[in-house]
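Trainee: I should like to go through the reasoning behind the terms applied to this structure. May I put my questions one at a time?

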Amino acid sequence: MCLAIPMEIIEIKGHRATASAYGVNRQVDITMTPDVIVGDKVIIHAGFVIEKLDPQAAREIEEAWSQYNAVMDEEELKKQINEC
Amino acid sequence: MTAAPKLKEMAEAFSARVLSRDVRIMEVCGTHTTEFFRTGVKDIFPARLSLVDGPGCPVCVTQNEYLDRAIEIGKVHGAIIATFGDMIKVPSSYSSLGREKAEGMRVEVVYSPVDAVDLAEQNPGSQVMFLSVGFETTAPAEAIAVRTARERSIKNFSILCGNKVTVPAVRALLDAREVNIDGFILPGHVSAIIGVNAWKFIADEYKKPCVVVGFENHDLIRGTQMLLDLIESGRPELLNEYTRVVRDGGNLKAQEIMYEVFDTVDTEWRGIGVIPGSGLALKSGFAEFDAQKKFPVTPPPPKEHPGCRCGDLLRGLIIPTDCPLFGRACTPERAVGPCMVSTEGPCSAYYKYGRK
Ligand code: SF4
């Protein structure tokens, strides 16, 4: 039903928001995480933001694995984003 | 595909790890089942380490009776069935949603339960029934759909409640003592909702090490290494590898929404039987959205799929390739049991990635 690809919140309107990753935008619902703000990285499941990433822990991972995403198949990632 | 150097080092260290004895670990999440294969991490497991699948695929643990009822409601009451795509090819006792759709039943795939509420609003002359299946990650979304239908006064929307919660199922597996598991890889996103602490009983009461793990390849390697460290040093502790997402107490808002709409009830799991407190049902205040009450039907007596060993698989007793039908009579195109069609199903993962 979903995967662990973090997306970035780029716009918020009430309980609806736009999240983006790899150039794909998704409409999501933020009812479960009312304190998200634009710029937060979030995890999405079944059209809902279920949790936001802890910026500190996410940054550490990002630095350590900066090349990781580059080796993933981008088409596969986009497909997963569209389906979650 | 060249891996990042750090990942490569980590993978090499993992693969070369020398275990002092045979170690069996269980993953309790269908997404982990698939991701261990898809990322290739399972291919680089150290010698003597084996992974058994747990009851972590919501579609797989759903009894045939549930789909039989959904199809019967579609037939008798003409309701439009809205569902996650994963359900379409799952065999019911006598049919499947895909087959019924081909024969004219209105079956619509949605990505979010709230899309099913929109579908009801767009079809005021029809009843829309959403197949509410999933663990704690999905249940808050389904609760919000029900609340949304109430707020928007949408009367032609209902859910067929098949939701389950994972903690009692893991407890039931540990109580059954059928399989000898040295430690558990715990689900990342279920834990994002319920929190790390919900699993403390595994370490405290059953003295088994366990680690909450994320889903990227570095998470899988790091989380498994953390679990092996605990196992090898004889420390029955609970650790969290997925700290960037999972908090000790979980997502309190999501828990609040979930229990505003649902009560816990006893429910039956494929292969395991009835587990007390492991299911969710709509609270009486939301009875008007309960498809089981709204659409009385008598489904035909449920029938198991002859020869299918999904039940044994979901208890960790066998792996998919032990099933004599695997890859022969049972393939994703012509599945005998649900474990071959759900994207989180162990047979599907083995078929897609694991046949060497
Ligand atoms: S291979 Fe098919 S028949 Fe065998 S356990 Fe898996 S789903 Fe059931």
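Trainee: What makes the radius of gyration of chain B agree with that of a compact globule?

Mentor: This is a predicted model, and the comparison rests on its C-alpha atoms. For 356 residues, the rule for a compact globule gives a radius of gyration near 21 Å; chain B has 21 Å, so the two agree. Along its principal axes, the C-alpha trace of chain B spans about 65 × 45 × 40 Å.

Trainee: How do you know what confidence the predictor places in chain B?

Mentor: The pLDDT is given on a scale from 0 to 100, and chain B averages 94, with 98% of the residues scoring at least 70. For the complex, the predictor gives an ipTM of 0.89 and a pTM of 0.92.

Trainee: Which share of chain B is buried, and which share of chain A?

Mentor: In chain B, buried residues make up 53% of the 356 residues. In chain A, they make up 38% of the 84 residues. As for contacts with a separation of 6 or more, residues 24 or more positions apart account for 76% of them in chain B and for 42% in chain A.

Trainee: How many helices and strands does each chain contain?

Mentor: Chain B has 15 helices and 11 strands. Chain A has two helices and five strands, in the order β-β-β-β-β-α-α from the N terminus.

Trainee: Why is helix α2 (residues 30-38) of chain B called largely enclosed?

Mentor: A residue is buried if 20 or more other C-beta atoms lie within 10 Å of its own. Eight of the nine residues of α2(B) are buried, and therefore the helix is largely enclosed by the rest of the structure. The buried residues are B:Gly30, B:Thr31, B:His32, B:Thr33, B:Thr34, B:Glu35, B:Phe36 and B:Phe37. Their cover includes β1 (23-27), β2 (49-53), β7, α11 (217-232) and α15 (346-353) of chain B. Just after α2(B), B:Gly40 takes a positive phi of about 85 degrees.

Trainee: Which residues of helix α6 (residues 113-122) of chain B are buried, and what covers them?

Mentor: The buried residues of α6(B) are B:Pro113, B:Val114, B:Ala116, B:Val117, B:Leu119 and B:Ala120. Their cover includes an element of chain A, namely β3 (24-29). From chain B, it includes β3 (80-83), β4 (107-109), β5 (128-132), α7 (139-151) and β6 (157-161).

Trainee: Why is B:Cys339 called buried?

Mentor: The cut-off is 20 or more C-beta neighbours; B:Cys339 has 35 inside 10 Å, so this residue counts as buried. B:Cys339 is found in the loop between α14 (310-314) and α15 of chain B. Leaving aside neighbours within four places in sequence, B:Cys339 is in contact with B:Cys57, B:Cys60, B:Cys310, B:Leu313, B:Gly345, B:Pro346, B:Cys347 and B:Ser348.

Trainee: Why, then, is B:Val179 called partly exposed?

Mentor: That class lies between the exposed limit of 12 or fewer and the buried limit of 20 or more. B:Val179 has 15 C-beta neighbours inside 10 Å and therefore counts as partly exposed. B:Val179 is found in the loop between α8 (166-176) and β7 (183-186) of chain B. Beyond its neighbours within four places in sequence, B:Val179 is in contact with B:Val52, B:Arg315, B:Gly316 and B:Leu317. The C-alpha atoms of B:Val179 and B:Val52 are separated by 9.6 Å, although these residues are 127 residues apart along the chain.

Trainee: How do you know that strand β1 (residues 7-13) of chain A pairs with other strands?

Mentor: Pairing requires at least two bridges. Five bridges join β1(A) to strand β2 (residues 16-21) of chain A, antiparallel, with A:Ile9 the bridge partner of A:Ala19 in β2(A). With strand β4 (residues 41-45) of chain A, β1(A) pairs over two bridges, also in the antiparallel sense; there A:Met7 stands opposite A:Val42. The hairpin of β1(A) and β2(A) has two residues between the strands, and in it A:Gly14 takes a positive phi near 65 degrees.

Trainee: What kinds of residues form the shell around the ligand?

Mentor: The shell divides into 12 nonpolar residues, one polar and one charged. Cysteine counts as nonpolar under the classification used. Of the 14 residues that surround the ligand, the closest are B:Cys308, B:Cys323, B:Cys330, B:Gly337 and B:Cys347.

Key:
Residues are numbered from 1 along each chain as its sequence is written. Chains are lettered from A and ligands numbered from 1 in the order in which they are written. This is a predicted model: local features need pLDDT of at least 70, side-chain atom pairs count only at pLDDT 80 or more; totals for chains, interfaces and linings use all residues. Helices (H or I, at least four residues) and strands (E, at least two) are DSSP runs, numbered from the N terminus. Two residues are in contact if their C-beta atoms, placed from the backbone, lie within 7 Å. A residue is near a molecule or strand if its C-beta atom, placed from the backbone, lies within 6 Å of it. The radius of gyration is taken over C-alpha atoms; the globule rule is 2.2 Å times the number of residues to the power 0.38.
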